[in-house]
Amino acid sequence: MAKTTVHAATQEKRVPEGLWLRCPGCENMIYRKQVEESFGLCPDCQHHFRLTARRRIALLADEGSFEEMLADLRSADPLNFTDRKPYAERLVEEQKKTGMLDAAVVGKAFIKGRPLILGALDPDFIMGSMGSVVGEKVTGAIEKAAETHLPLVIVSTSGGARMMEGIISLMQMAKTSAALARLDDAGGLFISVLVNPCTAGVAASFAFLGDIIIAEPKALIGFAGPRVIFQTMKRELPEGFQTSEFLLEHGFLDMIVERPNLRSELAALIDYCGK
Amino acid sequence: MAPGPILEFEKPFAALEEEIQGLEKVQAEQPGDLSAEVAALRRTLVEMIRKTYGGLTPWNLVQVSRHPQRPLARDYIDYFVSDFKELHGDRYFGDDAAMVTGFGKIGGEKIMLIAEHKGRDTKERVACHFGCPHPEGYRKALRAMRLAEKYALPVVTLIDTPGAFPGIGAEERGQAQAIAINLMEMARLRTPIVSVVIGEGGSGGALGIGVGDRMGILQYAYYSVISPEGCAAILWKTAKLAEAAAASLRLTPQHLLELGIVDEIIPEPLGGAHRNPRDMATTLERKLVGFVRQAKRMPLEKLLARRYERIRSVGKVVSDPAALVALNAAAAAEKAEAAPANGNLPLDAN
């Protein structure tokens, strides 16, 4: 595993420019620096801003402990896909925008001194969608966890399978799930952390296969998007539909954890499940 | 009997068929031999259908896969599954009519059948949610699979869904979780699993009963990560460009075979399964029996290892260290340019 550094510049540059920003939660004008220095939370309402994959890992892993694996994978554009623009072009643009080759980062890390395999999806790289690269990295992380007998933690945020890789993307759902079956058979621990938004193909595969499933507050989590459901049902969706709190109430989450407590909660859970 | 015209490109067939029927009627009522004319018209019809179906676009193929007269799961059950013992319910919430499960025999082989069913008449279609299963459908399927595993019965799945149901109840009962569990459990189910897409292979709704040892697809069926309409709405911003999306998605049997997603394309009768359901059923039965026997012959551990390898190997990535170096260099340059405002990220205070 090659050791790579986390670049603060790429972590931050995707937040809209300006000293101040409006919180989508409480609509207050808030001081950007304050948000950035406090886990990406609104100081007034604790709204959880989206985090890039690298920022997420920097917030979870012990400082300097992250060793990235499979860092140099990029999509081979298996369908030679074109919509309004060629996928190959879109990939290059997304890479420039995010400073990442694709939407996932995985590697070995420590959390409060506990070794583990840690992964995170990036909500800004084509909506964190899963194509071949995300599928391969997540599967690689699962296999590494099984091989090293280390706990696995993946922080998932995604719009689902990546349309531009068509059926190949869909099959990444089966691939990651099959790898988790083997990890489970081997007695490995998988803690899945769902953060805003986590839907469709990623929710309907590895993200909902955790031994323990955690979500951040008020995240959008579900199979179909609210717009599609609204079009199907042709009536208003219930208050708080498809939020973390809704899922907890319906029995699909173990707990909701606020971002500043995530590290210590993960460490405590790992201690219960260690062998 | 051939169905009435439904699809635009089928209309010329219907006109010709009407003409043939007219001649046959005349022949029956009046003296004189018209059999040569009738035979010639029949040849023309066959040629016309062959030509039209030889040139179907991916979008046309999607239309055929959704043809209102296309045989559905329960039609095939009626045609070739003997002693079918339907099993109902997921034991948690309800019985999903869109997912049909039960013991049965094909070619003398005992199997567990799991099939997505769209419903034929309006009433049945509504009861089946037009072939869109709810979480209880996927859980019912899993229950049937576990039963099959316990008694070493091969699982046969027939896939035909526009997608898993996107609704309030489906979300409340964990649609994503229900599908996810099926993917994981099918990957390690200790009995053979063979599948055929008989109509629409709609995304996760199809995959939820589609992980296994062998995958066939009918000649005019499709399998895709998203419907062409859905893809067009998102990427082209208008559902009207479904035709373009259908082409870009590579969802036809031929593409799926080339991509290694399906093992075999099962030929349909001339003009599609709906023009001759009985022949279609005969072909499908023969193929399914072959799939089942082939899977049963393999020792279970080898079968499971191959199943994993089959699932594991899908995907196409490039290892590109140079691209990574370039990205990191660009990021480092930008970092040097920007003030070191966020050099130290805050860590957990606890």
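Is Cys42(A) buried or exposed, and what is its relative accessible area? Keep that in mind as you work through these exercises on a predicted model.

**Exercise 1. Decide how Cys42(A) and Cys45(A) stand with respect to disulfides and to the surface.**

Step 1. Begin with the whole structure: over all chains, the number of disulfides is zero.

Step 2. Take Cys42(A): its nearest cysteine sulfur belongs to Cys23(A), at 3.7 Å. A disulfide needs the two sulfur atoms within 2.5 Å, so Cys42(A) is in no disulfide.

Step 3. Do likewise for Cys45(A), where the nearest cysteine sulfur is again that of Cys23(A), 3.6 Å away. With the cut-off at 2.5 Å, Cys45(A) is in no disulfide either.

Step 4. Now the opening question: Cys42(A) has a relative accessible area of 0% and is therefore buried. Cys45(A), at 29%, is partly exposed.

**Exercise 2. Describe the overall build of chain B.**

Step 1. Count the elements: chain B has 15 helices and nine strands.

Step 2. Add the dimensions: the C-alpha trace spans about 100 × 50 × 40 Å along its principal axes.

Step 3. Look at burial and contacts. Chain B has 350 residues, and 53% of them count as buried. Among contacts with a separation of 6 or more in chain B, 71% join residues 24 or more positions apart.

**Exercise 3. Characterise the surface and charges of chain B.**

Step 1. The accessible surface is about 15300 Å², and carbon and sulfur atoms provide 55% of that.

Step 2. Chain B carries 43 positive and 43 negative side chains. The centres of these two sets are 5 Å apart.

Key:
Residues are numbered from 1 along each chain as its sequence is written. Chains are lettered from A and ligands numbered from 1 in the order in which they are written. This is a predicted model: local features need pLDDT of at least 70, side-chain atom pairs count only at pLDDT 80 or more; totals for chains, interfaces and linings use all residues. Side-chain values use heavy atoms; hydrogens and water are left out. Helices (H or I, at least four residues) and strands (E, at least two) are DSSP runs, numbered from the N terminus. Buried means under 20% relative accessible area, exposed over 50%, partly exposed in between (1.4 Å probe, protein chains only). Contact means heavy atoms within 4.5 Å. Accessible areas come from the Shrake-Rupley method with a 1.4 Å probe; for residues, only the protein chains shown count as cover. Lys and Arg count as positive and Asp and Glu as negative; His and the chain ends are not counted. The place of a charge is taken as NZ of Lys, CZ of Arg, CG of Asp or CD of Glu.
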